[in-house]
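Subject: Structure for your review

Dear colleague,

Please find below the sequence and the structure that I am handing over to you. I would be grateful if you could keep the structure open while you read the notes.

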Amino acid sequence: SITIPDSVTSIEYAVFHQCSSLTSVTIPDSVTSLGPHAFSECSSLVSITIPDTVTSLEDFAFSKCSSLTSVTIPDRVTSIAKSAFSECASLADITLPSSLISIGEAAFNGCTSLASITIPDNVINIEQEAFRDCSSLASITIPDSVTSVGVRTFFNCVSLTDITLSGNLSSIGVDAFHNCSSLLNISLPSSLTSIGAGAFSKCSSLASIAIPEGITSIGESAF
């Protein structure tokens with residue numbers, strides 16, 4: 001374990017990268033940012049408290065922390081960067097703040113223990129592959145502030161049975177729900193105009209779907 005002194009204001013690039021025996025860390029309130037790969041591949045890290053003073057989580061900050069089970073993102077954070085928690089295979093509980101606006105590319109990719117997550121109402125962007133290979137994810141609600149579901153966002157979420165889409169959604173990206181083999185039904189909003197190639201391909205449990213009248217484009221092998 002390690003206690004970071006109060007004089008530290010930022011944890012820079014790869015400071016604790018691959019510290020495979022590190023089990024716990026205490027971050028002081030003086031810290032405002034966690035840099036790229038700050039704790040990536042700390043495979044024994046079970047829990048971490050991110051202080052309320054932190055405003056940014058950079059790319060791969062906790063990527064491949066395979067023992068990390070839960071985390072709370074503080075209220076000042078507005079975006080979760082690329083692959084920030086990717087391949088955190090034990091991560092089962094994460095609390096996102098109401099301040100959050102953007103969920104970055106592959107932010108939770110491969111979080112195979114994550115069964116549910118609440119996306120705050122202020123989120124505008126959910127980038128590509130954000131929840132790819134979250135094989136335990138059973139349900140999710142995308143708030144009305146979101147207007148598009150990116151490429152492969154929920155790719156291979158094989159346990160996903162129930163999803164509520166934003167009422168203002170205009171596009172669903174390529175392979176967005178590919179191989180969501182447990183998805184039973186989905187209601188497409190009237191605002192939707194585009195469904196990308198392979199968007200619902202291999203959704204083998206999907207029995208029926210109503211295509212809104214405003215659709216102008218349906219990609220190859222969409223279903």
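The notes below go from the chain as a whole to individual residues.

Overall form

Please bear in mind that this is a predicted model. The chain contains 17 strands and 0 helices. Its C-alpha trace extends over about 60 × 25 × 20 Å along the principal axes. The radius of gyration is 18 Å, and this agrees with the value near 17 Å that a compact globule of 223 residues would have. Of the 223 residues, 45% count as buried. The accessible surface amounts to about 9300 Å², and carbon and sulfur atoms contribute 46% of that area. Among contacts with a separation of 6 or more, 21% are between residues 24 or more positions apart.

One pair of residues illustrates the extent of the chain. Thr216 and Pro51 are 165 residues apart along the chain, and their C-alpha atoms are separated by 46 Å.

An open sheet

One open sheet consists of 4 strands in the order β13-β15-β16-β17, with parallel pairing. Which strands stand at the edges? They are β13 and β17; each has a single partner strand, so one side of each is left without a neighbour in the sheet. β13 pairs with β15 (residues 171–172) in the parallel sense over 2 bridges. Ser148 stands opposite Ser171 of β15.

Salt bridges

How many salt bridges does a search of the whole structure find? The search gives 3.

- Glu129 and Arg132: the side chains meet with an N to O distance of 3.1 Å.
- Arg152 and Glu129: the closest N and O atoms are 2.6 Å apart. This pair links distant parts of the chain, 23 residues apart: Arg152 lies in the loop between β13 (148–149) and β14 (162–164), and Glu129 in the loop between β11 (125–126) and β12 (139–141).
- Asp133 and Arg132: the side chains meet at 3.6 Å, N to O. Through shared partners, salt bridges join Glu129, Arg132, Asp133 and Arg152 into one network.

The members of this network may also be described by their accessibility. Glu129 has a relative accessible area of 13%, under the 20% limit, and is therefore buried. Arg132 is partly exposed at 21%, as is Arg152 at 23%. Asp133 has a relative accessible area of 25% and is likewise partly exposed.

Asn109 touches part of this network. Its place is in the loop between β10 (102–103) and β11. Is Asn109 buried or exposed? Asn109 is buried, with a relative accessible area of 16%. Leaving aside residues up to four places away in sequence, Asn109 touches Phe85, Ser86, Glu87, Glu129, Ala130, Arg132 and Asp133.

The loop between β16 and β17

Several of the findings fall in one loop, which joins β16 (194–195) to β17 (217–218) and holds Thr216. Thr216 is exposed, with a relative accessible area of 70%. Ile211 also has its place in the loop between β16 and β17, and it is partly exposed at 39%. Together with Ile218 and Phe223, Ile211 makes a nonpolar surface patch of about 270 Å².

Lys202 is found in the loop between β16 and β17 as well. At 58% relative accessibility, Lys202 passes the 50% limit and so counts as exposed.

Backbone angles

Most residues other than glycine have a negative phi. Two residues are listed here against that background. Lys202 is not a glycine, yet it has a positive phi of about 65 degrees. Asp175, also not a glycine, has a positive phi of about 55 degrees. The place of Asp175 is in the loop between β15 and β16.

In closing, may I draw your attention to two places when you inspect the model: the salt-bridge network of Glu129, Arg132, Asp133 and Arg152, and the nonpolar surface patch made by Ile211, Ile218 and Phe223.

With kind regards

Key: Residues numbered from 1 in each chain as written. Predicted model: local features only at pLDDT ≥ 70, side-chain atom pairs only at ≥ 80, totals over all residues. Heavy atoms only, no water. Buried < 20%, exposed > 50% of the residue type's maximum accessible area, 1.4 Å probe, protein only. Salt bridge = Lys/Arg side-chain N within 4 Å of Asp/Glu carboxyl O. Patch = residues over 30% accessible without salt bridge, like charges linked within 9 Å, V, L, I, M, F, W, Y side chains within 5 Å. Areas by Shrake-Rupley, 256 points an atom, 1.4 Å probe, with all protein chains shown as cover. Pairing = 2+ DSSP bridges. Rg over C-alpha atoms; globule rule 2.2 N^0.38 Å. Contact = heavy atoms within 4.5 Å.
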